[in-house]
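This note sets out some points on the nonpolar cores and the strand pairing for a colleague at the bench. Please read the points beside the structure.

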Amino acid sequence: MPSHSIHAGPTARLVRGLLLSAAGVCACADVRAQEAVTLDTLSVAGSGAPAGLPASLASGLALRAPTRGASRLDLTPLETPASIDVIGGETARLRGQNTVVEAVTQNATGITTIGAPGNGNGAFTARGFAGPNSIQQLYDGTRLYVGAGTVNFPFDTWNIERIEVLRGPASVLYGDGAIGGVVNVVTKKPLFVPVNEARAAVGSDGVARLALDSGGPIGESMAYRLNISGNRADGWISPDGDFRNLAVSGAVTWRATPDLDLTVSHDFGFQEPQRYWGTPLVEGRILESLRFNNYNIRDLKILWQDNWTQARAEWRPSADITIRNTAYRLQSRRHWRDVEQYAFNRATGLIDRSDYIEIYHQQEQVGNRFDAAFRGELFGFRNEFLAGFDVNAIRFRHTNNSPYGGESSVPPTGYDPGLFINLAGTRPAYATRTSQASVFAENRLILSDRLSLLAGVRYDAPSLHRDDLRAGTSFDRDFRALGYRFGAVYNPTPDTALYAQYATATDPVGSLVSLSQSLANFQLATGQQVEVGAKGLFWGGLGEWTLAGYRIVKDNLISVVPGQPGVSTQVGQQSSQGFEAAVSLQITPRWRVDANLALLHAQYDDFSQTVGGAVVSYAGRQPIDVPERVANLWLNYAFAPAWEARVGLQYVGDTFSDFGNTARRPDYALVNLGLDHQVTPASRLSLRVYNLLDTVYAVSGNAVDGIGTNWLLGRPRSFEIAYAVSF
């Protein structure tokens, strides 16, 4: 039978050579040359900067655009001693990136994903660390607490104004669970100017998309924003590889006084994702005859529903004081019923299936975040200071059929998927109540027009109570965590910044809100990072660049024991060091290039396990799921009036599925294309081609005893045609 060995083919080798030898770097921006758009102007469908979004966020690295992803003081990336990517929402949509995962991994520097469709949207890797407990996700600055390793909202880029990606430890800003970085999704907000846009798309594998964005004033003192988007597809995997989702977001802002804005918003998300957990390996290869087969069961189900309600207030009593408060409530409901492990049995020639799993999640998070910023003088120098607090109460209930049993075998082709096997019976397993309180502060002391110092500190005090609903037992656990950061920024010229930073971070013991008794006595993982870098603008702002070098050391991290999914161990120490660079350049009015490159060396420094009765050390091995080479490149060419073409290249280096680095997943390179035609000043027709060369590649995988069992394959070659109109 024909097979795919998934190795570094000619395209991967060519792209790897080009990208790793190039000095240019970051794909954080749209490559369109457009006129500047301010917050009070209305853009049309093809302008490159949507209404309400500064033009600096629609193109380039946004080095002069204020963000809150790396500092609550509303500093620009040029003023911040950290590595930041700002991805405009319109940039993502123009590049055909329909999910948050696609937007982050194809644009941000050195970020990859390891998540399966049924695991939500929270499994990123950054700077040598992986998973939702090391790369934190925020929604409008609000932390999403991870329940049993799953973050499934937000998922659609239609409602996104921008995505802010902070690389490196961020516990000083957002608490534990951010040693590798933070992904902050910032949504579209109500506007006091009319904006109306609709989009429809169709594509291969039965893809169909509809979306609407409407906003504007309601009288003189109120404004609204409404976004609706729906997506469905038959899927490229069969059977039951289809998906569908719906996102509805609404917000109303009342400008009570010129200095006081009150906003109420609600976000609803419904998902039935692709029910696919991987393709079995046969002698270490993916057979062509198996590539599009789904080995899940016939009566499978994955269903998620999320509701977010937020009330925000911003008061500016003077030009030097800003006070903000956000109160919120999140509800998540999740249901899985499927079989998730597949392995080819060489002796029988069949596909063995195991882990028949049914799980229900009920999660509610209620919280409030307050901060106050003051601008003035300290010791005769200009100074900016912010202090605040963050409190949360989270209730989580887990129902399952553990211990997960059930086994079956099916032929590689022509099989009957069969029905769910439920040996243990699905019943409530445990419930937790988590409370979290923190205080934080930041300060920026401006010593001169060229030199500023930044410091920050945060103290977290989470507490957990867990009830085992089957055994009738319970336990309580309290944690304390302190994070801090010191940094300096020096500007040799107004358009150039040199910086250095030292930061600390903590990661939770597994998923904090679903902490098990077996992990209750483990310590918090702690980490430290040293980073130096430079960033700047050139050619009158037509070009932007960033460089960064760093070293991170993390102690006491939690890892699953290979072959024992229910058993975890606390690793002694893991470290990473690397170099990152990015560039964005409007070469001519017609040509633009955006690229990034991340070179990394990550390893376990002190980690031993007992395997087969012998102690095995994994010191010096590459951490699971972490690639050491990642790069993106986007090239745009406006080749004729009202026409523009773009090509995107994405390269991800080798990764491993086991501690011993024997279950290897090869590197891969992807080519994506886009073509846009501005039909009228208010409408645009777009063609997108994904994975042009139909590369067979794996984004994650499983291994047992150092042998790869199955790989989660990425999207094959496919296309979409979209039409967007403003009215």
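1. Two strands are said to pair if DSSP finds at least two bridges between them. The model discussed here is predicted.

2. The hairpin of β19 and β20 has 2 residues between its strands. Within this hairpin, F379 takes a positive phi near 55 degrees. The two strands run antiparallel and are joined by 20 bridges; β20 covers residues 381-400. Q365 has I394 of β20 as its bridge partner.

3. β20 also pairs with β22 (residues 427-446), in the antiparallel sense, over 19 bridges. Here the bridge partner of I394 is T434 in β22. I394 is thus named in two bridges, one with Q365 and one with T434.

4. A further group of strands, β3, β4 and β5, forms an open sheet in the order β3-β4-β5, with antiparallel pairing. Its edge strands, β3 (112-113) and β5 (129-130), each pair on one side only. Between β3 and β4 (residues 124-126) there are 2 bridges, and T112 has T125 in β4 as its bridge partner.

5. The largest nonpolar core comprises 34 residues, and Y295 and L713 have the most contacts inside it. Strands that each supply at least two residues of this core include β17 (301-318), β18 (321-345) and β43 (707-713). The largest share, 4 residues, comes from β19.

6. Which residues does Y295 contact, leaving aside its neighbours within four places in sequence? They are P280, L290, V339, Y342, I351, R353, V410, P411, P412 and Y415. A second, separate core has 26 residues, among them I135, V146, F153 and W308.

Key: Residues are numbered from 1 along each chain as its sequence is written. This is a predicted model: local features need pLDDT of at least 70, side-chain atom pairs count only at pLDDT 80 or more; totals for chains, interfaces and linings use all residues. Side-chain values use heavy atoms; hydrogens and water are left out. A nonpolar core is a set of buried Ala, Val, Leu, Ile, Met, Phe, Trp, Tyr and Cys residues joined through side-chain atoms within 4.5 Å. Buried means under 20% relative accessible area, exposed over 50%, partly exposed in between (1.4 Å probe, protein chains only). Contact means heavy atoms within 4.5 Å.
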